[in-house]
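The following exercises concern the fold, the ligand shell, the domains and the backbone of one chain. Each task is followed by a solution in steps.

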Amino acid sequence: MPDDLPLAQGRIPNDLDSFWMPFTSAEMFKENPRLIAGAQGVHYTTVDGHRLIDGTGGLWCCNAGHNHPGITAAIQKQAATLDFAHAFGQGHPIAFEAAARVVDLAPGFDHVFFTNSGSEAVDTALKIALAYHHARGEGQRRMLVGREKAYHGINFGGLSVGGLGLNKGQFGTLYPSVAHLRHTSLPENVNSRGLPQHGAALADDLQRLCNLHGGHTIAACIVEPISGAGGVYPPPVGYLQRLREICDTHGILLIFDEVISGFGRMGTPFAYEAFGVMPDLVTCAKGMTNATVPMGGVLATAAVRDAFRDGPKAMPDLFHGYTYSGHPLASAACIATLDAYRDGKIFENAATMAGPWEDMLHSLTDLPAVMDVRNCGIIGAVHLHAEGDVGTAGRAAYAGLWDAGVIVRPVGDALCMSPPLTITQEVVDEIGARLRAQLSG
Ligand SMILES: Cc1ncc(COP(=O)(O)O)c(C=O)c1O
């Protein structure tokens, strides 16, 4: 292969060690390097020409499908117009335009604080919650409540409230004042279609924490309205409503981490609408730009934002921000992505395809290898019976499915899926057929 061939056309890098890969066993990766070179719509192509259905929508993020021409053009145009300007006490119009477009999509929210990732959005939301109470003279509210099995990214705050032990174990104390609700995975909910019927009462764990620590010491409770990266656990019917009630009773801010569920995955712009529960803060990222340029954000209600307006005029109202908050390229990508969602009726397609998606996943429950199937909107997990150590069956199925032409995301032995929201019946059927063939073997 000639040396000058650009990577995008298929040059296989011969040094697989320089890049310290995220959440990756370098040894296992190097045994069989899976390298993607191109993408279009719901498909990826590898460096050796293998075509795959992107069953994970990138990593829960390419909601409009890959290489959307409108988004690509907007990024190219912006890069040639204003490559970068910061927003610390100055600004650039496209960031304001992007912010207005995002909050237009989010009923009840009037403001967005821009970040560059979901992890930063989560840490920003937690800091806003602490600062909100401080501004209102309730600086004693320092405790943050998360939930077992939750994934809120990998920065210090998100890791602290997160509930996946493997992610925390290497890093010690983290944020010192944290408590966790129990997770909502219950055996009686096995193979639930959509929201499971059992488990609303688990929300009363928050009341228990209020009794134990004093509700007046808790700043915020953060949950994913539908948990994703921890293995896909839709909320039990009534659970989120109960959390809202307890938060209201004790003056606790309710944060929904919608990094995965935001931008159409439940068939509505945000999951809080689909589930009928209004949080005080929402974190988002991923589908915000169709994953083309990194961007995240925290949506805030007017009530939260207004608490910051009484300080000295010359001082920032929040001592927080990123060099790239509202980056012009990300802002352009965001606006073009929202255009693509609207013009392509992509959220509507997600709502339409949620039923066929659910039917396909639950058609697999007869397979002896399958222990549980969970789904909601265009998210799903086929949870396999363990074979030996947890993760062995999941990894083997992932590898087999890759070879068969579908990408899934193994979380332990749960095969998690979140394809682009542009999926058709044909793609759903293809994913179903390949899953059945793999899991019957
Ligand atoms: C619910 C949730 N929060 C936060 C994050 C972190 O996002 P990022 O990887 O962009 O930092 C993720 C990533 O999957 C997520 O699923």
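**Exercise 1. Determine how many helices and strands the chain has, and judge its compactness.**

Solution. The chain comprises 15 helices and 14 strands; helices (H or I, at least four residues) and strands (E, at least two) are DSSP runs, numbered from the N terminus. Next, the radius of gyration is 22 Å, close to the 22 Å from the globule rule for 441 residues, so the chain is as compact as a globular protein of that length. Here the radius is taken over C-alpha atoms, and the rule is 2.2 Å times the number of residues to the power 0.38.

The model is predicted: local features need pLDDT of at least 70, side-chain atom pairs count only at pLDDT 80 or more, and totals for chains, interfaces and linings use all residues. Residues are numbered from 1 along each chain as its sequence is written.

**Exercise 2. Characterise the shell around the ligand by residue and by class.**

Solution. Of the 15 residues around the ligand (C-beta atom, placed from the backbone, within 6 Å of it), Ser 117, Gly 118, Ser 119, Gly 153 and Val 259 come nearest. Helix 5 (residues 118–135) contributes the most, namely 3 residues. The shell divides into 7 nonpolar, 6 polar and 2 charged residues, where Ala, Val, Leu, Ile, Met, Phe, Trp, Tyr, Cys and Pro count as nonpolar, Asp, Glu, Lys and Arg as charged, and the others, Gly among them, as polar.

**Exercise 3. Describe the contact between domain 1 and domain 2.**

Solution. An automatic or database assignment sets the bounds: domain 1 is 7–67 + 345–440 and domain 2 is 72–343. Their centres, over C-alpha atoms, are separated by 26 Å. The contact (C-beta atoms, placed from the backbone, within 7 Å) takes 31 residues from domain 1 and 30 residues from domain 2. On the side of domain 1 that touches domain 2, helix 13 provides the largest share, 7 residues. By class, this side of domain 1 has 18 nonpolar, 10 polar and 3 charged residues.

**Exercise 4. Locate Trp 60 and Phe 263, and establish whether each is buried or exposed.**

Solution. Trp 60 lies in helix 2 and has a positive phi of about 65 degrees although it is not a glycine. Trp 60 counts as buried because it has 25 C-beta neighbours inside 10 Å; the criterion is 20 or more other C-beta atoms within 10 Å for buried, 12 or fewer for exposed, and partly exposed in between, with C-beta atoms placed from the backbone. Phe 263 is in the loop between strand 8 (253–257) and helix 10 (271–275). Phe 263 also has a positive phi of about 65 degrees without being a glycine, and its 31 C-beta neighbours inside 10 Å make it buried.

Technical notes:
Contact = placed C-beta atoms within 7 Å.
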